[in-house]
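Work through the exercises below on charged side chains. Each task is followed by a solution in steps.

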Amino acid sequence: MSLKQLVKSITPGFVIKKIHASRKAKEMAAFHKLSTEQLDSKNLIHENDVNLSEILNSKTIGEFWNQSKQEIDQFIIPDGTGGVNPGDRRALYYLLCHFKPKSVLEVGTHIGASTLHIASALFMSQVNHGLEVDFKTADIRDVNCKQNKPWLDYGTKYSPLEMITKFGYDSFTTFKAGMSLDLIKTTSETFDFIFLDGDHSGGTVYQEIPAALNILNPNGVILLHDFFPEMKPLWSNGSLVEGPYLATERLIQEGANIKVIPLGDLPWPTKLDTNITSLALLVRT
Ligand SMILES: C[S@@+](CC[C@H](N)C(=O)[O-])C[C@H]1O[C@@H](n2cnc3c(N)ncnc32)[C@H](O)[C@@H]1O
């Protein structure tokens, strides 16, 4: 058990609730203080060009998935320690196989649950057919730190880099450490697909989306995680992450030509005995 987990386990519930409430209040104050962002959505994929049902029910992608899953299952990536849940991992895989982006940016590597699935989809649908792809995954922490081995704190045996390397996906995957906004605003690269799963506070997502749009290639895709429509819980446990909804609502109210399409009910299970996902695509209207 890490020190952080130990402290959490011995802290009374009401103290944890108070800490969360105070953190949320600070986050909201910071969010409302931010000046208006300018946003250009011209490179974002149009809503008419997205058919989620076709993507998620694709037989071809399903066959790829069955093959990749055999590799992926060699690792036991835990559920419930901060990585995207197994159903969301599969949805990511389908989206990547469908859109076939040549360049991908992921914000929020953590234990690499999503990272491995993105890399696997890129390999199966493109690299395996002789196509070149480039995948960058970023986290504010050094998720592969050999000294601290942070992945062990989250119940997973291998670092994201070790998992990626096992199948040779390291030939097209690069890990970056740093703040998403700094990385996005300073990179000279552009991307076909950007997955935002880092800091989910309203303030950060409000700034990440316009910055991500600036480095998006034409017909590019931006995928959000932890999107709770109308800021209502999606599951019976009542959990709620407000930031991504607040951020997109504010951008839309300020005139952005964007819309969020939640993936909703997936054709396979996600968590708490449901098929519901908090994944959502950002599209142009
Ligand atoms: C929910 S986890 C991502 C889960 C990951 N996609 C997976 O499936 O394993 C969020 C991650 O974002 C990172 N993070 C938080 N704020 C960030 C920021 N501003 N820039 C980059 N990464 C950030 C955290 O360190 C954490 O590892």
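## Salt bridges

Asp139 and Arg141 form a salt bridge, with 3.9 Å between the closest N and O atoms. A salt bridge here is a side-chain nitrogen of Lys or Arg within 4 Å of a carboxyl oxygen of Asp or Glu. The model is predicted: local features need pLDDT of at least 70, side-chain atom pairs count only at pLDDT 80 or more, and totals for chains, interfaces and linings use all residues. Residues are numbered from 1 along each chain as its sequence is written, and side-chain values use heavy atoms, with hydrogens and water left out.

**Exercise 1.** Classify Asp139 and Arg141 as buried (under 20% relative accessible area), exposed (over 50%) or partly exposed (in between; 1.4 Å probe, protein chains only).

Step 1: Asp139 has 8% relative accessibility, so Asp139 counts as buried.
Step 2: Arg141 has 31%, so Arg141 is partly exposed.

**Exercise 2.** Describe the salt bridge between Asp134 and Lys136, and find the network that holds these residues.

Step 1: The N to O distance of the pair is 2.7 Å.
Step 2: Asp134 is partly exposed at 24% relative accessibility, and Lys136 is buried at 10%.
Step 3: A network of salt bridges links Asp134, Lys136 and Glu189.

**Exercise 3.** State which parts the salt bridge between Glu242 and Lys24 ties together.

Step 1: The closest N and O atoms of Glu242 and Lys24 are 3.5 Å apart.
Step 2: Glu242 lies in the loop between strand 5 (216-224) and helix 11 (243-253), and Lys24 in helix 2 (residues 13-33), so the pair ties together parts 218 residues apart in sequence. Helices (H or I, at least four residues) and strands (E, at least two) are DSSP runs, numbered from the N terminus.
Step 3: Lys24 is partly exposed at 40% relative accessibility.
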